[in-house]
Amino acid sequence: MKIRIKFERNGVMKFVGHLDIMRYFQKAIRRADFDIAYSEGYSPHQIMSFAAPLGVGITSSGEYLDIQVHSTRSSLESVERLNQVSVDGILVKSYRKLEDSAPNAMSIVAAADYEVRFRIPPSFADWQEKLLAFYRQPSILITKKTKKSEREIDLKPLILALDLKDSQVNMRLSTGSVDNIKPELVMEAFYHSLGLTLPEFCLLIHRQELYARTDDSSSCDGSNAEKTVFTALEDLGEEIE
């Protein structure tokens, strides 16, 4: 049986790396006495995978891991048991059953929502208007560097939405194994477009939600035009009574 768990990550837990978060949940699941499935072979391990692991220093209210179990309690009791053995900074929010044929969360993540705030607001005038003008450009060409190579990409189609609320920047960005865009990259490109350098450690980033792409081919005018629809990973599972 496949299960999807949604959790928050805040406080000091934002400084814990992904491998330690994985080890934490392995121990928490054992302490909560879940009937989790293990892999076969000489070194069996819990069958568990995370969707789009979070970078160090970033908080989130929408993190996910998928597990497999032989049997399970209700969603409500499972959430309660996990939170009873949890630490400050980790809060399990939901526990849902997936279809047996459902792909794991890592393979279907397509987008993420972020809230971005500045520790100290930019010193240059009209930065909000300039940021919106930057986003409205027909293309935003940057050079994306990795450990092995660098390539020119157009950020524009990968920034799925961007708006401002007071001094907070809200973004929906392409996320996944192919086009994985981080808020820091967008803000660096914005500063670069003004001939400036983004100061180190100036951003406070919070990931709100992760989405799968569930395109809808229906149309009000009867055409077959495909509409891009993003569905929260949580909504692809169902509550267990």
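In this predicted model, Glu-77 is partly exposed, its relative accessible area being 34%. The residue forms a salt bridge with Arg-73, and the closest N and O atoms of this pair are 3.6 Å apart. Arg-73 also counts as partly exposed, because its relative accessibility of 24% falls in the range between the limit for buried residues, under 20%, and the limit for exposed residues, over 50%. Side chains of opposite charge can pair when their charged atoms come close. The structure holds 12 salt bridges.

A second group of charged residues involves Arg-96. This residue forms a salt bridge with Glu-234, in which the closest N and O atoms are 4.0 Å apart. The pair links distant parts of the chain, since Arg-96 belongs to strand 4 (residues 90-97) whereas Glu-234 sits in the loop between strand 11 (230-232) and strand 12 (238-239), 138 residues apart. Both partners are buried, Arg-96 with a relative accessibility of 18% and Glu-234 with a relative accessible area of 17%. Arg-96 forms a salt bridge with Glu-239 as well, and here the closest N and O atoms are 3.2 Å apart. Because Glu-239 lies in strand 12 and Arg-96 in strand 4, this pair ties together parts of the chain that are 143 residues apart in sequence. Glu-239 counts as partly exposed, at 41% relative accessibility, whereas Arg-96 counts as buried at 18%.

These residues belong to a wider arrangement, in which Lys-6, Arg-96, Glu-209, Glu-234, Asp-235 and Glu-239 are linked in a network of salt bridges. Within this network, Glu-209 is located in strand 10, which covers residues 203-213. Glu-209 is counted as buried because its relative accessibility is 10%, which is under the 20% limit. Its side chain makes a polar contact of 2.8 Å with the side chain of Lys-6. When residues up to four places away in sequence are not counted, Glu-209 touches Lys-6, Gly-62, Tyr-64, Ala-111, Ala-112, Asp-113 and Ala-232.

Strand 10 also contains Arg-207, which is buried, with a relative accessible area of 3%. A polar atom of the Arg-207 side chain lies 2.5 Å from the backbone oxygen of Ala-52. Ala-52 is itself placed in the loop between strand 2 (48-50) and strand 3 (59-68), and it counts as buried at 15% relative accessibility. The backbone of Ala-52 has a phi near 45°, a positive value in a residue other than glycine.

Positive phi values are found at further positions in the model. Asp-126, in the loop between strand 5 (109-118) and helix 4 (127-135), has a phi near 55°, again a positive value in a residue other than glycine. Another case is Asp-166, which takes a positive phi near 60° in the hairpin of strand 8 and strand 9, where two residues lie between the strands. Strand 8 (residues 159-165) and strand 9 (residues 168-174) run antiparallel and are joined by six bridges. Within this pairing, Ala-161 has Arg-172 in strand 9 as its bridge partner. In a regular strand the side chains alternate between the two faces of the sheet.

On the surface, Val-12, Phe-15 and Val-56 form a nonpolar patch, and together these residues have about 340 Å² of accessible area. Val-12 is situated in the loop between strand 1 (2-9) and helix 1 (18-31). Val-12 is exposed, because its relative accessible area is 61%, which is over the 50% limit.

For the protein chain as a whole, five helices and 12 strands were assigned. Its C-alpha atoms fill a box of roughly 55 × 50 × 40 Å, taken along the principal axes. Of the 241 residues of the chain, 44% count as buried. The chain exposes about 13,600 Å², of which carbon and sulfur atoms supply 49%. Among contacts between residues at least 6 apart in sequence, 67% join residues at least 24 apart. The salt bridges described above between Arg-96 and Glu-234, 138 residues apart, and between Arg-96 and Glu-239, 143 residues apart, likewise join separated parts of the sequence.

Definitions and conventions:
Residues numbered from 1 in each chain as written. Predicted model: local features only at pLDDT ≥ 70, side-chain atom pairs only at ≥ 80, totals over all residues. Heavy atoms only, no water. Helix = DSSP H or I, 4+ residues; strand = E, 2+ residues; numbered from the N terminus. Buried < 20%, exposed > 50% of the residue type's maximum accessible area, 1.4 Å probe, protein only. Polar contact = N/O pair within 3.5 Å; in protein donor to acceptor, adjacent residues only side chain to side chain. Contact = heavy atoms within 4.5 Å. Patch = residues over 30% accessible without salt bridge, like charges linked within 9 Å, V, L, I, M, F, W, Y side chains within 5 Å. Areas by Shrake-Rupley, 256 points an atom, 1.4 Å probe, with all protein chains shown as cover. Salt bridge = Lys/Arg side-chain N within 4 Å of Asp/Glu carboxyl O. Pairing = 2+ DSSP bridges.
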